[in-house]
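Me: I have a structure here and would like the terms used for it justified one by one. Please set each value against its definition.

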Amino acid sequence: MTESALVRVEDLRVTFHLPRRTVEAVRGVSFEIEPGECVAIVGESGSGKSVTARALVGLAGPGARVDATRLEVDGQDARRFAPRDWRRFRGGFAGLVLQDALVSLDPLRTVGAEISEVLRVHGRGPRSARTEQAHRLLEEVHVPEPERRAGQYPHQLSGGLRQRALIASALAGGPRLLIADEPTTALDATVQAQILTLLAERRAAGETLLLISHDLAVVARLADRVLVMKDGRIVESATTRALLSGADHPYTRQLIAAGSGRRRVSTAEPGPVVAEATALRKVYGDRAVVRDVDVTVRRGEIVGLVGESGSGKTTVAQLLFGLVEPTSGQVRFEGRRFSGVPERARRPLRRRLQFIAQDPLSAFDPRWTVRRIVAEALPRGTAVAPLLERVGLDGDVLDRYPRQLSGGQRQRVAIARAIAPRPSLIICDEPVSALDVSVQAQVLDLLAGIRESDGTALLFISHDLGVIRDLADRVLVLHDGRVVEQGPVQAVFDRPGHEYTRRLLAAVPTLEVSA
Amino acid sequence: MIRPILRRVGAGVLVLWAAATAAYLALLAAPGDTVDAIIGDGADTPLIRAQIIQEWHLDRPAVVQYADFLWRAVHGDLGRSYLLQRPVAEVIGGQLAPTLKLAATAAGFGILLALVLALVARRPWVRRLSSTTELVLVSTPPFLIGIVLLSVFSFRLGWFPVSGDRGAAALVLPAITMGLPIAGTLAQVLRDGLDRALEEPFAVTARSRGLRERSVLVRHALKHALLPAVTMLGWSFGVLIGGTVIIEQVFGRPGLGQVTVQAVSSSDLPVVLAVVILAAAVFVVINTVTDLAYLLIDPRLRRS
């Protein structure tokens, strides 16, 4: 192409030499980024997409060996860069935005200090002007009250505001290329939409963007071109339009299918009521976190509970699970009182009620093997393998530890453990939020299958409306601790009655696949 | 902000009372007669005994004596030493300065050395060397380090005085002796914290801004590593006060250590009680300072 490409990579290979093994993370990747272009690299975790992006700023990671027949940034041969050259280049030529600003900004420093640091390192303006310049940068990314916000710490800002602050710090050095690695993955749908709008704005202003994501739907709106990575290689590279109108590689087609959503409907009619909560109310201090919530779950039914962070959905789950006593209201489970009774009375019912958490890694004992984790939930002497087979796991994971499993495998183990005592209800709290879209689809299939075969009811909590739409029969929309809307999924999605639901729906990224 | 501080002060007073009472009960249960302790090597006649019992109110029931002790302690009167026949406050006050001087110097030296070890020794083989040395320092009893230092630098080379507390030179060896184990433990905790912080995403962000590795270490990672180190340091200070007892013996220094040993061996009840109360007070103060340091370092803890 033209001589003016900002980034030119040919046959990039990144190998990690770890103490016991060698990992080839990137195996011969070639691409170019033109000025003013928005390029997206899409792939699941472990595909090498992040490592590729980080290799562009010389931060592939400790123990990484980077080889390429060509690695040009800004017309210079980066293969010959000394550490000094890289430092000048980082922040100055390329800014990097990582996933979760809560941990990607230094939690012990104010966001103002974080932004000023870039200005200092790159000698942008005199020291006296830095504070004001930091305020201007915050204003540029639409942070209201920049003077006040600059003096605050990341944990004091909302998820959206701190992601904006992180972007402001990446822009502070005046980079020509902005690399955003999963910039919206940790955010609620509405906030995600706002951040994507901000990035689109930067792009319209002439900034060159490199986006990294596991979710094609998120980047499709923004990107001119998409590179699909799998196992360290680019399997498909095309303009976004061409990709959506007909992908060549089966893996890309799978990604597109995962992004466009698929309803999983049950043929069976819901049975008798399994769990019922009436007029639930929970007050912490002088704040009502849950107000007058009624939930009914029937046998074989999947009820979605959707809302943004802070809407009270996790508290509702804790109330139903009997971890927290309601301030007023009542929970009944299998026809018996489940709230306002001593734990002794709940215990015989416990096996009938199971829980799946977002992050199974912290829900498992790290020193236990998969075999032991699952066997604990089974009657003594029952074989573990058949159960694992039901959740789509091979026998060779039996003797592995949770840390040695992928995110999807771990969630399958969690599901195996949850269904082992044959419960009548499983409460799932964001069970697929930490997973890649392609893996998400598989886990949703598995959950739908279990409902179908066992008649198990699911209460499925998520901030992701897309997931709820694909899986649930009925949905409850929670806002500020109140159910603002409820009904069959199709009806709520087609004709949302409440303003808040409409806002949530508008924010869901979907792929408009042209035939 | 006011309520937690008040709660802390209340808890501190409770700790002091508990420590004083426990010590009082322990000494009451210990064998030996108070009158014998007061007489010491003096003349022992029934008349003198009667006089002593009269003068020290030893004929009153133990409960009353205990209440009396508490009442006076609250008013700042720690009583008179049986042995030296002087006010306890005076006995301890005179020996407090050398001990505090030693403890502070040792802590200062230990902190400085730990920072240097953790921040500077980062290359793999230097780290391994430093790490091993630290382990040796931590596992060696301080008096042994003291004796080795004495025999090399005082007896053989004659660089520092063998004993006493005259001038700064006399402080060097005891401070190093007590500071080395602190440096060893602290350096390990600091290094561990730095390593963990450097793997956090914000360290990647910092590097992506073009910061030098050294700046990432000092400007970002260090503060994170300080949190566990402060806990460790608070604990070391406590050990330090206890450790002076032995080190002051080894180096023949005046100080609380000497006073305490003497008071215990001659059943000088008021002095022992005062030392216990002082040690408890030091612990309370250090714990409070540690908690406040947390708030200073980590803004996430400031939410009330």
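Me: What makes residues 271–297 of chain B helix rather than strand?
Reply: The span is 100% helix and 0% strand, with its end C-alpha atoms 39 Å apart. Helices are DSSP runs of H or I with at least four residues, strands are runs of E with at least two, and both are numbered from the N terminus. This is a predicted model: local features need pLDDT of at least 70, side-chain atom pairs count only at pLDDT 80 or more, and totals for chains, interfaces and linings use all residues. Residues are numbered from 1 along each chain as its sequence is written, while chains are lettered from A and ligands numbered from 1 in the order in which they are written.

Me: Which spans of chain B are called "transmembrane region", and where does that name come from?
Reply: It comes from the UniProt annotation, an unreviewed entry, which covers 102–121, 133–155, 167–190, 225–251 and 271–297 of chain B. UniProt positions are given in the numbering used here, feature names are shortened, and annotations may be inferred rather than shown by experiment. In the model, residues 133–155 of chain B are 91% helix and 0% strand, and the end C-alpha atoms lie 25 Å apart.

Me: How do you know that chain B is in contact with chain A?
Reply: Two residues are in contact if their C-beta atoms, placed from the backbone, lie within 7 Å. By that rule, 19 residues of chain B are in contact with 22 residues of chain A. Helix H9 (201–208) and helix H10 (213–250) of chain B each give two or more residues to this side, and H9(B) has the largest share, 7 residues.

Me: Why does the size of chain A agree with a compact globule?
Reply: The globule rule is 2.2 Å times the number of residues to the power 0.38, and the radius of gyration is taken over C-alpha atoms. For 515 residues the rule gives a value near 24 Å; chain A has 25 Å, so the two agree. The C-alpha atoms of chain A fill a box of roughly 70 × 50 × 50 Å along the principal axes.

Me: What share of chain A is buried?
Reply: Buried residues make up 50% of the 515 residues in chain A. The term needs 20 or more other C-beta atoms within 10 Å of a residue's own; 12 or fewer is exposed, in between is partly exposed, and C-beta atoms are placed from the backbone.

Me: What are the domains of chain A?
Reply: Domain 1 is 261–352 + 425–515 and domain 2 is 361–422, with bounds from an automatic or database domain assignment. Their centres, taken over C-alpha atoms, are 24 Å apart.
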